[in-house]
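Here are a few exercises to try with the sequence and the coordinates side by side. Have a go at each task before reading its solution.

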Amino acid sequence: MADLAVETIAAGRCLVARISGDMDYVTEPVFDHQFQELIARGDRSIVLDMSGVSFCDSAGLNVLLGARRQAEARGATLALACVPEPVQRTLEMTGVTQLLRVYDTVTDAEAGFGR
């Protein structure tokens, strides 16, 4: 888990979090906790920059979907950006792209929030 990281960056009116590492059953508790903290900050628009995610299994998908639910419960919108192709295929095959906003770039995600 040495390469596991969630780094936050201010980007305009959005909170951007760069995610790196595998999102799997081993890292699920760490990411779940980190995403809860991000959402608790109170930002209305949150972008998860997934460019550093090398793998995502069902536990990782559950963390993403849980983060979406938590964000919506607080009146915030969560989006994914820069999703690597293997992870993107997993999102598409499981139907997660029907539930989460997914953008090619962080800039596209910011524009998608109407800013």
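The exercises below go from the whole chain to one residue of this predicted model.

**Exercise 1. Describe the fold of the chain and judge how compact it is.**

Solution. Start by counting elements: the chain has four helices and five strands. Next, put them in sequence order, which gives β-β-α-β-α-β-α-β-α. The radius of gyration is 13 Å, close to the 13 Å from the globule rule for 115 residues, so the chain is as compact as a globular protein of that length. Finally, look at the extent: the C-alpha trace spans about 35 × 25 × 25 Å along its principal axes.

**Exercise 2. Work out what share of the chain is buried and what its exposed surface consists of.**

Solution. Of the 115 residues, 43% are buried. Turning to the outside, the chain exposes about 5900 Å², and carbon and sulfur atoms supply 47% of that area.

**Exercise 3. Find out how the charges of the chain are placed.**

Solution. Count 10 positive and 16 negative charges. Then take the mean position of each set; the two means lie 11 Å apart.

**Exercise 4. Decide whether Gln 88 is buried or exposed, and list its surroundings.**

Solution. First locate Gln 88: it sits in helix α3, which covers residues 85-94. Its relative accessible area is 14%. Buried means under 20%, so Gln 88 is buried. Now check the side chain of Gln 88, which makes a polar contact of 2.9 Å with the side chain of Glu 92. Leaving out residues up to four places away in sequence, Gln 88 touches Val 83, Thr 97 and Val 102.

Conventions: Residues numbered from 1 in each chain as written. Predicted model: local features only at pLDDT ≥ 70, side-chain atom pairs only at ≥ 80, totals over all residues. Heavy atoms only, no water. Helix = DSSP H or I, 4+ residues; strand = E, 2+ residues; numbered from the N terminus. Buried < 20%, exposed > 50% of the residue type's maximum accessible area, 1.4 Å probe, protein only. Polar contact = N/O pair within 3.5 Å; in protein donor to acceptor, adjacent residues only side chain to side chain. Contact = heavy atoms within 4.5 Å. Rg over C-alpha atoms; globule rule 2.2 N^0.38 Å. Areas by Shrake-Rupley, 256 points an atom, 1.4 Å probe, with all protein chains shown as cover. Lys, Arg positive; Asp, Glu negative; His and termini not counted. Charge placed at Lys NZ, Arg CZ, Asp CG, Glu CD.
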